[in-house]
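Biologist: Please give me a close account of a single part of this model, and place that part within the chain as a whole. I would prefer one connected answer to a list.

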Amino acid sequence: QVQLLESGGGLVQAGGSLRLSCAASGRTDSTYGMGWFRQAPGKEREFVAALRWMPSRTTYRDSVKGRFTISRDNGKNTVLLQMNSLKPEDTAVYYCAVDIYRRPEMAIPTTISDYTYWGQGTQVTVSS
């Protein structure tokens, strides 16, 4: 099993920045990538960004491209989500999740069912 712990959420004004962290522990050697998802009140959980380890590659939902960056700190088994130019519509609970399955090369899963282990979530609130 893999345990995930998110941190870094909070309240920020529109245009501000936050950096979310997702620390992984347990069988991290059995993972192939990680994703970030978010869920706003009354809405379904949606994909935000994903990172595959080998070869390293990323993908983002269109609304966050150019503003969010997903990266990995190998030495700490941690994946970061740097969020800049935040907007009120980015307000949500953000979850990280890990993928434990091999995929065709260059494939990056973006659906909830692709990910096996999930963190508890961290709240991000962007005020206008």
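Modeller: Buried residues make up 42% of the 128 residues in the protein chain. The model is a predicted one, and every value below is computed from it. The part I have chosen is strand β8, which covers residues 78-83. I begin with the chain around this strand.

The secondary structure of the protein chain consists of 11 strands and zero helices, so the order of elements from the N terminus reads β-β-β-β-β-β-β-β-β-β-β. The radius of gyration of the chain is 14 Å, close to the 14 Å that the globule rule gives for 128 residues, and the chain is therefore as compact as a globular protein of that length. The C-alpha trace spans about 40 × 30 × 25 Å along its principal axes. Of the contacts with a separation of 6 or more, 59% are between residues 24 or more positions apart. The accessible surface comes to about 6,800 Å², and carbon and sulfur atoms account for 47% of that area. As for charge, the chain carries 15 positive and 11 negative side chains, and the centres of these two sets lie 2 Å apart.

Within this setting, strand β8 is mostly covered, with five of its six residues buried. Its pairing can be described one partner at a time. Strand β3, residues 18-26, runs antiparallel to β8 and is joined to it by six bridges. In that pair, Thr78 of β8 is the bridge partner of Ala23. Strand β7, residues 68-73, also runs antiparallel to β8, and six bridges join these strands. Here Val79 of β8 has Arg72 standing opposite.

The connection from β7 to β8 is a hairpin with four residues between the strands. Asn77 lies in the turn and has a positive phi of about 50°. Most residues other than glycine have a negative phi, and most peptide bonds are trans.

After β8, the chain enters the loop that leads to β9 (92-99), and Ser85 is found in this loop. Ser85 has a positive phi of about 50° although it is not a glycine. With a relative accessible area of 41%, Ser85 counts as partly exposed, because it falls between the limits of 20% and 50%.

Further along, Met106 is placed in the loop between β9 and β10 (117-118). Met106 is not a glycine, yet its phi is positive, at about 80°. Its relative accessibility of 52% is over 50%, so Met106 is classed as exposed.

Earlier in the chain, a cis peptide bond joins Met54 and Pro55, with omega at about -15°. Pro55 belongs to the loop between β5 (46-52) and β6 (57-60).

One further residue, in the strand β11 (residues 122-127), completes the account: Ser127. Its relative accessibility is 26%, so Ser127 counts as partly exposed. Beyond residues up to four places away in sequence, Ser127 touches Leu11, Val12, Gln13 and Ala14. The C-alpha atoms of Ser127 and Asp90 are separated by 9.8 Å, although their positions lie 37 residues apart along the chain when counted as sequence separation.

To return to the chosen part, β8 is a mostly covered strand that runs antiparallel to β3 and to β7.

Methods: Residues numbered from 1 in each chain as written. Predicted model: local features only at pLDDT ≥ 70, side-chain atom pairs only at ≥ 80, totals over all residues. Heavy atoms only, no water. Buried < 20%, exposed > 50% of the residue type's maximum accessible area, 1.4 Å probe, protein only. Helix = DSSP H or I, 4+ residues; strand = E, 2+ residues; numbered from the N terminus. Pairing = 2+ DSSP bridges. Rg over C-alpha atoms; globule rule 2.2 N^0.38 Å. Contact = heavy atoms within 4.5 Å. Areas by Shrake-Rupley, 256 points an atom, 1.4 Å probe, with all protein chains shown as cover. Lys, Arg positive; Asp, Glu negative; His and termini not counted. Charge placed at Lys NZ, Arg CZ, Asp CG, Glu CD.
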